[in-house]
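Visitor: I am new to this structure and would like to be walked through it. May I put some short questions to you?
Guide: Certainly; please begin wherever you like.

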Amino acid sequence: MAGSIICARYSGGVAQFQSLPFLWLLSDARNDAVLEDRLRTLPPGSGFVYRHYHLAPEERIARFMALRRIARARGHLLILADSTLTAREWGADGVYGAARSLYPTRSDMVTVATAHDMAEIAAANHARADAVMLSPVFPTNSHPGAPTLGPLRFRYLARHAQMPVIALGGMNAHRATALQWPGWAAIDGLS
């Protein structure tokens with residue numbers, strides 16, 4: 001089983017604890033051809049964020065359903081970059097996106113916010129997201145030439161998050177070890 005991070009979720013003022021994976025794979029047009037293999041070789045219980053923004057709606061749901069079967073068989077946490085309603089309809093475990101898009105949060109869905117700066121960390125805190133993916137830590141193919149946080153700024157921002165922080169952006173196993181950060185996600189770094 002992949003390592004996990006414990007997060008508190010609140011329902012009716014009562015904390016419920018859930019474990020979230022340390023390791024996360026994000027889908028993209030760049031890694032689509034290898035997703036089946038990667039989902040099968042990731043440690044059981046890893047996280048998978050299905051984005052696939054490049055596909056038409058009918059193709060996007062069909063691809064999700066095919067990957068969902070593999071993810072479920074491996075015990076992966078399956079998160080959809082879409083609305084809570086769509087995530088529920090498609091059978092995902094939760095939603096991924098900007099904190100403002102995670103409303104209304106629901107106790108039965110895992111919420112993973114994205115953040116790039118202090119304002120977005122504050123928004124994730126306000127939304128009571130279960131986790132936040134903070135990026136880009138290092139240079140990334142997703143946004144070539146874009147400014148990066150680097151290890152010091154990443155840690156500074158992460159200290160202000162009230163939930164587990166997952167490092168994203170140019171991450172791979174070597175960089176996660178060098179960063180000395182347990183939770184990390186990648187597109188190319190795991191593909």
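Visitor: Which residues does Val132 touch, not counting residues up to four places away in sequence?
Guide: This is a predicted model. In it, Val132 touches Ala113, Thr114, Ala115, Ile121, Ala124, Ala161, Met163, Pro164, Val165 and Ile166, with residues up to four places away in sequence left out of the count.

Visitor: And which residues have the most contacts inside the largest nonpolar core?
Guide: They are Phe48, Val132, Leu134, Phe154, Met171 and Trp184, in a core of 44 residues. Helix 2 gives the largest share of this core, with 4 residues. Another core lies apart from it and has 16 residues, including Leu20, Val49, Val110 and Met133.

Visitor: Stepping back, how many helices and strands does the protein chain have?
Guide: The protein chain has 6 helices and 10 strands. Of its 191 residues, 48% are buried. The chain exposes about 9,100 Å², and carbon and sulfur atoms supply 55% of that area.

Visitor: Phe48 came up just now. In strand 4, which residues are on one side and which on the other?
Guide: Strand 4 covers residues 47-50, with Gly47 and Val49 on one side and Phe48 and Tyr50 on the other. All four are buried, and both faces of the strand are thus covered. In a regular strand the side chains alternate between the two faces of the sheet.

Visitor: How many bridges join strand 3 to strand 4?
Guide: There are 3 bridges between strand 3 (residues 23-26) and strand 4, and the two run parallel. Leu25 has Phe48 of strand 4 as its bridge partner. Between these two strands the chain passes through helix 1 (residues 35-41), in a β-α-β crossover that is right-handed.

Visitor: And how many join strand 4 to strand 5?
Guide: Here 4 bridges connect strand 4 with strand 5 (residues 77-80), and these strands also run parallel. Gly47 has Leu77 in strand 5 as its bridge partner. The path from strand 4 to strand 5 leads through helix 2 (residues 57-73), and this β-α-β crossover is right-handed.

Visitor: Changing topic: how many aromatic pairs are there?
Guide: The structure holds 4 aromatic pairs. In one of them, Phe64 and Trp90 have ring centres 5.2 Å apart and planes at 45°; a pair counts as edge-to-face only over 60 degrees and as stacked under 30, so this one is tilted.

Visitor: Why does that pair tie together parts that are apart in sequence?
Guide: Phe64 belongs to helix 2 and Trp90 to helix 3 (residues 84-90), so the pair ties together parts that are 26 residues apart in sequence. Both residues are buried. Phe154 and Trp181 form an edge-to-face pair, with 5.0 Å from centre to centre and 85° between the planes. That pair links helix 5 (residues 150-158), where Phe154 lies, to the loop between helix 6 and strand 10, where Trp181 lies.

Visitor: Which residues do ring pairs link into a cluster?
Guide: The cluster consists of Phe48, Tyr50, Phe64 and Trp90.

Visitor: Now the backbone. Which peptide bond is cis?
Guide: The peptide bond from Ser135 to Pro136 is cis, and its omega is near -10°. Pro136 is in the loop between strand 8 and helix 5.

Visitor: What about Arg128: is it buried or exposed?
Guide: Arg128 counts as exposed, at 56% relative accessibility. Its phi is near 55°, a positive value in a residue other than glycine. Arg128 lies in the loop between helix 4 and strand 8.

Methods
Residues are numbered from 1 along each chain as its sequence is written. This is a predicted model: local features need pLDDT of at least 70, side-chain atom pairs count only at pLDDT 80 or more; totals for chains, interfaces and linings use all residues. Side-chain values use heavy atoms; hydrogens and water are left out. Buried means under 20% relative accessible area, exposed over 50%, partly exposed in between (1.4 Å probe, protein chains only). Two strands pair if DSSP finds at least two bridges between them. A crossover is right-handed if, with the strands pointing away from the viewer, the path from the first strand over the helix to the second runs clockwise. A nonpolar core is a set of buried Ala, Val, Leu, Ile, Met, Phe, Trp, Tyr and Cys residues joined through side-chain atoms within 4.5 Å. Contact means heavy atoms within 4.5 Å. Accessible areas come from the Shrake-Rupley method with a 1.4 Å probe; for residues, only the protein chains shown count as cover. Rings of Phe, Tyr and Trp (its six-membered ring) pair if their centres lie within 6.5 Å; planes under 30 degrees apart count as stacked, over 60 as edge-to-face and the rest as tilted.
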